[in-house]
Amino acid sequence: MTKQEQVKAIFIEEAGEIIEKLDVNILRFEENSADFDLLNEIFRGVHTLKGNANAFGFTRLGEFVHHFEDVLDHYRTTRDEIEECQLELFVNSVDVIHEVMTCELDQLPYLPDTYPECLAKIKTLMAMKKGDVVLVGVQETPAAFNDLAAEFAEFPTMPMDMSVENSIKKHQDSRKDGLNLYRIDLTLDNDCYKRGFDHILFLKLLAEKAVSIESFFDMGAIASIDQFSHDENGIKNVCIIVLTPLTSEEIGGNFEYLFDHEYRITLISPAVVAPVEAESKVIVQEIQEAVQNAQKSVSKNTSAAAQTGAAAKSTIRIDTFKLDELFDSVGELVIAQNFIAQNERIRSIEDESISRTIETLSKITKRIQDRVMSLRMVAIRDTFDKMKRVVRDTSKKTGKALHLNVLGEETEIDKTMIDSLSDPLIHIIRNAIDHGLESDAAERQAAGKKVEGNITLRAYHKSGSIVISVSDDGRGINKEKVFRKAIERGIITGDENLSDSQIFGLIMQLGFSTAETISDLSGRGVGLDVVKTSIEKLRGKIEIESVEGEGTTFSMLLPLTLAIIDGMLVRAADEIYIIPTLSVVESFRPEREIVHVIKGQGEFVSMRGQHIPVIRLSDVFDLQTEHLEPWDGILVCVETEAGRIAIMVDELVGRQQVVIKPLGKSLAKLREISGGAILGSGDIALILNVDELRPLIEAAHG
Amino acid sequence: MQFDGDALTIGLDMSMEEIREFEQFVRPRLEYLETIEAEEGALLHSSALLALLVSLKRTRSALKIPFLERGLMASETYGTVHWMYHD
């Protein structure tokens, strides 16, 4: 990567952060539009973004944020009251910034549909605030001009000269070495179309070699339809401002077939725009600062070792790839340390200093592991902040008044998981608002609840896992209805002995939906199963609790990190397997009386009124072992997608944090295994995918 | 070009011949046309179409032409194009 590319990559990352922050701040400001400190913060974000965008040639983004910044600047300095429709415009503007940024990054030739409309509204608002532009429909005009006013009541009229001047100023500010700025005036004759010339054709030619191009069509002389002829040019003047590496001669080459009086090319030197240099100096300075900041960041990355402690800032940016490498190395270190700590020959050495050294090594390794783990951990606040927007939009769309409670924003979670968590969370929240909350205020009042619904977003730690829950105080889930629907859909037969949680879990099966109406928010029966799959990919699971009439809670239980899991080590024959502790409900040696064999269905163990199928690991993996009866072995009861199962093993070995290692291509096909791990002894153990362990009889038919 | 009752949807990338046909089509129907929509994604091919739309709007102010009312078009092919109405 060249230094220029590195600088650009840093800009992109920083711009992304600024936009994310804008997203959050604009919603906070919408809640309290008298908070001018917050408005200042928003302004500063937009200001920085403008400088950066222009510096890196993202002119379309630069133009938009330039105008948005003007509006924000107006309000922060005048402290004018901001009306609701203007707040809506601010929120929409941040959306447009988001979308334009994507267009810029993907180098898309087009812009989002909302771009011109939103930009026009911003310009109009600003022009009205400045008094430069008056909506003709409301201006005081002589009677003679009233017809025209009525005709164009919707259009703000910006004097063309002023627009051109602004454009020149803007381009002048972002001009770089090797680029020339031209003003080209096209005054084509009436017969230009018949001669094969068109203003648009020249724009296309110029744009091919331009860094930036902006044009202004003066349509003031266009006649009404009775005097109009499509093949006669009625456009008086088209002014083009173009920033390009081309010379005047090269530019002139585009117009060589026009008459001399039909075009005029003016090279604009910096001196020409001297009268407006005060503001442009500021912008140039911003751009310089942006480039300098980005370059500083690059040098931080490339020569971090050379920095002295005094000169270094408190934070540095590190490529996540490097973090992953560090994380892998720490995994190896943990394995090596376990090997030393558990090696019988080393442990047999009766030397206090060696024992102490091993103990110290163990402590240091644990500390390094914790520190490195923490590098990947980020507070879930940003994700929750994004959800505020989802709640706001869904509330507006459904017309349901609601209050969002957010708890545990400081809870930290692996950054890799954060990225995959947004979509499931959005779906669950929309589902909670759309289907969880009562459809209208009357229904809530009849149930003795406040008109305003409550959605609670919460994150917390629980037994070595992270739980993220979404609760609503709506109508709750009708258990019987879910059960009946599941039978109708053929998801269950009805003979199953399912717990409440398992019944609620049925709503996350593919194609299941009890919603009476389908909305564009949720309820198509294709969402919750995707949510479930997404969470399972993160090695997590979803639990649903619901009380009819009181509300529902969806809890996503996630591991602390994707790279290390807490596992229960078990032995079957001479092999060690790892069961993720998150799935384990309990382990026990069963009494002979509670084990039953049902003909054609295999072995079952009765637990608290439930018949749980027994799965012998030795059968699953075809291990050569003595055939033990269940009451001679150990059963580990685990929760799976299809309900609980009891895995029969010979021995419980222990519990351990294990570093997950991917399996090779051949083993990856084994659905019963989700990964491998190197144990302290140096041996390899396979991690069980409990959802794929099925009773032998079922597996044989499946 | 698609005509649906009182709404007309046109492509912006019309050739001069298509603009002529559009002009002939729209002249007798101008009084009852409510909206002229532009197809998504297409780019203006000729300034003659822009001029025709302005002329239609000037003739009948109640006619809605959302594309024209935006006042600008931004694309990689032509940059940002603004159009101005004033005397």
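Me: Helices, which need at least four residues, and strands, which need at least two, are DSSP runs numbered from the N terminus; in this predicted model, between which two elements is the place of D622(A)?

Reply: D622(A) sits in a loop of chain A, with α20 (617–620) on one side and β18 (634–640) on the other.

Me: Why is D622(A) called exposed?

Reply: A residue counts as exposed if 12 or fewer other C-beta atoms lie within 10 Å of its own, and D622(A) has 7 other C-beta atoms within 10 Å, so it is exposed.

Me: What makes the phi of D622(A) worth a remark?

Reply: Most residues other than glycine have a negative phi. The phi of D622(A), however, is near 55 degrees, a positive value in a residue that is not glycine.

Me: Where is R79(A) placed, and what is its phi near?

Reply: R79(A) belongs to the loop between α3 and α4 (84–105) of chain A, and its phi, in a residue other than glycine, is positive, near 60 degrees.

Me: How do you know whether R79(A) is buried or exposed?

Reply: The limit for exposed is 12 or fewer neighbours, and R79(A) has 11 C-beta neighbours inside 10 Å, so it counts as exposed.

Me: Which residues of α7(A) are called buried, and what earns them that word?

Reply: They are M160(A), V164(A), S167(A), I168(A), K170(A), H171(A), Q172(A) and D173(A), and the word requires 20 or more other C-beta atoms within 10 Å of a residue's own. The helix α7(A) itself has 14 residues and spans 20 Å from first C-alpha to last, close to the 20 Å expected at 1.5 Å a residue.

Me: How do you know which strands pair in the sheet, and in what order do they stand?

Reply: Two strands pair if DSSP finds at least two bridges between them. β2 (residues 212–218) and β3 (residues 237–244) of chain A are joined by 7 bridges and run antiparallel, with F216(A) opposite C239(A), while β2(A) and β5 (residues 79–84) of chain B are joined by 5 bridges and run parallel, with F217(A) and W83(B) as bridge partners. The order of the 6 strands is β4(A)-β1(A)-β3(A)-β2(A)-β5(B)-β4(B), in an open sheet with mixed pairing.

Me: Why are β4 (263–268) of chain A and β4 (72–75) of chain B said to stand at the edges?

Reply: Each of these two strands has a single partner strand, so one side of each is left without a neighbour in the sheet. From one strand to the next, the twist averages 15 degrees.

Me: What makes chains A and B count as touching?

Reply: Residues are in contact if their C-beta atoms lie within 7 Å, and 48 residues of chain A are in contact with 41 residues of chain B. On the side of chain A that touches chain B, the largest share, 7 residues, comes from β2(A), and by class that side has 28 nonpolar, 9 polar and 11 charged residues.

Me: Which elements make up chain B, and what percentage of its residues counts as buried?

Reply: Chain B has 3 helices and 5 strands, which run β-β-α-β-α-α-β-β from the N terminus on, and 39% of its 87 residues count as buried.

How values were computed: Residues numbered from 1 in each chain as written. Chains lettered and ligands numbered in written order. Predicted model: local features only at pLDDT ≥ 70, side-chain atom pairs only at ≥ 80, totals over all residues. Axes fitted to C-alpha atoms, helices over the stretch in contact; angles between N-to-C directions. Contact = placed C-beta atoms within 7 Å. Nonpolar A, V, L, I, M, F, W, Y, C, P; charged D, E, K, R; others polar. Expected span 1.5 Å × (residues − 1).
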